[in-house]
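Hi there,

Here is the structure I promised to pass along. Have a look at it first, and then read my notes below.

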Amino acid sequence: MYNVTQFGFCTTKKEIMTSILRKILYFTIITGVSWCFHNDVSSEENLDIPAIAKYFSTKGRYEEVNPYLIKDILAVNRSVLQPPSPQCREVHLTAIIRHGTRYPTAKNVKKMQKLYKVVQSSARGKESWLREILADWTMWYNEDMDGRLVQKGVEDLKHLAVRLSKLFPSMISVEKLRGGFIRFITSSKHRCVNSTLSFKAGLTEMWAIRDMEFEHAVNDALMRFFDQCTKFVNEVDNNPSALTELDKFTQGPEMKRVQEKIADRLEVPYDLITDGQF
């Protein structure tokens, strides 16, 4: 029996797929895996972490899932990999890995630009934080960035490759890589392809491999299966009523009150802050 490891790199589709896959790594091994959450690093200890980072939710950094990585980006938590029996051994590993940190999509850049124009043209508050924003905030995002991988995203995947090799040394090794027992599959999305390249670079740089290159397969039928699922396309993607509950929330009293609070803070008319900016 050959031991095989394969990695798949994917992106997500709208809110439904995003809520399922965002910031989650699934590992399928015979022992099973569960994530262990820590909360041992606070914003007070690291000035690079804004105090409101814990409220960023899915817009936060991947390190927020396992904050011990803030202290040591290559740290691993071996306690999640205790086999049910000493006789168990790893024979197969599949990792479905989301792309690394990226720029906002063009759609969200447009929303940010709209809010930026409102702040720069209409905000009239006298608080020091607002004066600082008016003086120093430059809208440097542009639509050409459109979800592309940033340098931190490159490092995300390089570091992940090293951590996984430490967690599964019998499955992810220089011998297995050179022997062709590690396979890489990605969707055609640029951020996923570049994440795959970064992950491979993490392995080859760690093992100083310069005499070989390792291929990856582009397979949208597997990694973007929802685009080819007739039921999903018809009943969700092309169905305006599929997100009715989401629309009710974004247009409901809770979101309206959030918009009003932002307008109050900026001292701008309520009608200048809309759900289209979020």
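Below is what I found, starting with the nonpolar cores and ending with one helix. Please keep in mind that this is a predicted model.

The largest nonpolar core has 22 residues, and those touching the most other members are Phe7, Ile97, Leu164, Phe168, Ile172, Phe184 and Phe199. Two or more residues each come from the strands β1 (4-10), β3 (92-98) and β4 (182-186) and from the helices α5 (151-167) and α7 (190-206). Of these, α5 gives the largest share, with 5 residues.

Ile172 is a good place to zoom in. Leaving aside residues up to four places away in sequence, Ile172 touches Thr5, Phe7, Leu93, Leu164, Ser165, Ile182, Leu203 and Trp207. There is also a second, separate core of 9 residues, with Val119, Ala123, Leu130 and Ala263 among them.

Ala263 leads us to α11, as it is one of the buried residues of that helix, along with Met255, Gln259, Glu260 and Leu266. These five names lie on the same side of α11 because they cover an arc of only 140° around the axis. Among the elements that cover them are α3 (106-122), α4 (128-136) and α10 (244-250). On the face turned away from the buried side, you will find the exposed residues Pro253 and Arg265.

As for its dimensions, α11 runs over residues 253-266, 14 residues in total, and its 20 Å from first to last C-alpha is close to the 20 Å expected at 1.5 Å a residue. Right after α11 comes Glu267, with a positive phi near 60°.

Best wishes

Notes
Residues numbered from 1 in each chain as written. Predicted model: local features only at pLDDT ≥ 70, side-chain atom pairs only at ≥ 80, totals over all residues. Heavy atoms only, no water. Core = buried A, V, L, I, M, F, W, Y, C linked by side-chain atoms within 4.5 Å. Buried < 20%, exposed > 50% of the residue type's maximum accessible area, 1.4 Å probe, protein only. Helix = DSSP H or I, 4+ residues; strand = E, 2+ residues; numbered from the N terminus. Contact = heavy atoms within 4.5 Å. Expected span 1.5 Å × (residues − 1). Arc of directions from axis to C-beta.
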